[in-house]
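Subject: A structure for you to look at

Hi,

Here's the structure I said I'd pass on. Have a look at it first, then read my notes underneath.

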Amino acid sequence: MKCEHCTRKECSKKTKTDDQENASVEVPSPAPESGEEKGEFHKLADAKIFLSDCLACDSCVSAEEGVQVAQQNAKDFLRVLNLNKKCDASEHRVLAVSVCPQSLPYFAAKFSLSVTDASRRLCGFLKSLGVHYVFDATIAADFSILESQKEFVRRFHQHSEEEPALPMLTSACPGWVRYAERVLGHPVTPHLCTARSPQQIMGSLVKDYFARRQDLSADRIFHVIVAPCYDRKLEALQEDVPTASPGFRGTDCVLTSGEIAQMMEQSDLSVRDAALDTLFGDVREEVRRHDGASSDGCLAHIFRHAAKELFDEDVGELTYRALRNRDFQEVTLEKSGKVLLRFAAAYGFRNIQNVVLKLKRGRFPYHFVEVLACAGGCLNGRGQAQTEDGRADRALLQRMRGVHAAGPGRTPETSAHVQDLYREWLDGADAPRARGTLHTAHQGPGRPADGRDIKW
Ligand code: SF4
């Protein structure tokens, strides 16, 4: 049987009907230090963590990666907090937690709060545990979107029949990118946008920019990301993320929103709400959202930017047209009956299958496709939108969408902090340092896949 993410015939992933579904992951407990009491941290660490459905799928994840992914759990996080309590201050690791923008609506819906109040509740809880800094990772999504916008315009100008630079396929979803790199290969990977994902950029912001600012080496910071899915744990293993000390990963541990909520529910710590930190000191901001609850607004922002840059057209609200289903929609820019831009959003692996088959047959009508592994997008990530028995929690998802839509929005271009960072941190938006920090190269499998390699 196959997982929901993937429809390949050779996929060995077991599903809900199999015995191992929702088996708890065996995580070695840190050995208690002598004289250590089983205090609050250890009570929390005893919370059961489930790796239910999948990351990409079994056949794409090596045994070693599986072990490293399983080690990213609440116990590991609490182990570092406990060590800080015991060791000399000079040996403390600075605990920094970055919260993905798609996770905050989950906490808001779960605790019946606004997104900003939910961020304060979450931040207060993490600080009560001993976390030093809690950041909103929206700033990393700003960079990822801005770089994707520039790349789309560049590809549009470069595109020709002989050397097709289009379509551009998004690369922010690690489930999709992993699948494209490990299974599909050429001719799909050259179409992946080279902009790093928000998680990778947040890794560099914390372990490079913030580390330098605090005069710390990267290894003194333990960076945790709170994310909507397990796929991001696999993404955290990526080693080419630039940091202040080469050889250290940008992210040390990814915890899903559900794992954090479980810790919150099982804690009897008295918690005071606290405002989120920023990378720049004491400045604190209201939480703002990008367009597009499912995707952090990648398609919408790139569409508007391309319409303006390429055709001098101002686009307001986008009109989506559902194609096969509501997870496969298109948006067009038309002038005098001619289609100037045709973008699509394809969520879930069945729609991805359709996109890839079209691409391989050479009959591809889109300039750009926003591809996400989860049907319904990131709010529906498996780390936060499931009931306890592993089913999709539709009522919670509905509330998340409502909370997200109600929050104040802003565009990546209007962030003064991002423009400052381009100047101070990256030597300018077009500097080699910016390109090296904000872009990556996508690999394919050992040999290019032809049509027979993909067994749907
Ligand atoms: S679409 Fe799903 S797998 Fe991909 S980043 Fe979002 S939550 Fe994770």
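One term before we start: two residues are in contact if their C-beta atoms, placed from the backbone, lie within 7 Å. Also keep in mind that this is a predicted model.

First, the overall picture. The protein chain has 15 helices and nine strands. Of its 456 residues, 45% are buried. If you take contacts between residues at least 6 apart in sequence, 74% of them join residues at least 24 apart.

Now the inside. The largest nonpolar core holds 103 residues, and the ones touching the most other members are Val97, Val134, Trp176 and Val226. Helix H6 (residues 138-158) gives this core its largest share, seven residues. Try clicking on Val97: setting aside neighbours within four places in sequence, Val97 is in contact with Leu126, Val131, Val134, Val224 and Val226.

H6 is also worth following to its meeting with helix H11 (residues 298-311). The axes of the two helices come within 9 Å and cross at roughly 45°. Why call H6 oblique to H11? Angles from 65 to 115 degrees count as roughly perpendicular and those under 35 as roughly parallel, and the crossing at roughly 45° fits neither, so H6 is oblique to H11. The crossing is right-handed.

Who meets whom there? On the H6 side you'll find Ile145, Ser148, Gln149, Phe152, Val153 and Phe156, and on the H11 side Cys298, His301, Ile302, His305, Ala306, Glu309 and Leu310. Sorted by class, this H6 and H11 contact has eight nonpolar, four polar and one charged residues.

Cheers

Note on methods: Residues numbered from 1 in each chain as written. Predicted model: local features only at pLDDT ≥ 70, side-chain atom pairs only at ≥ 80, totals over all residues. Core = buried A, V, L, I, M, F, W, Y, C linked by C-beta atoms within 7 Å. Buried ≥ 20, exposed ≤ 12 C-beta atoms within 10 Å, placed from the backbone. Helix = DSSP H or I, 4+ residues; strand = E, 2+ residues; numbered from the N terminus. Axes fitted to C-alpha atoms, helices over the stretch in contact; angles between N-to-C directions. Parallel < 35°, antiparallel > 145°, perpendicular 65-115°, else oblique. Left-handed = near helix turned anticlockwise from the far one by under 90°. Nonpolar A, V, L, I, M, F, W, Y, C, P; charged D, E, K, R; others polar.
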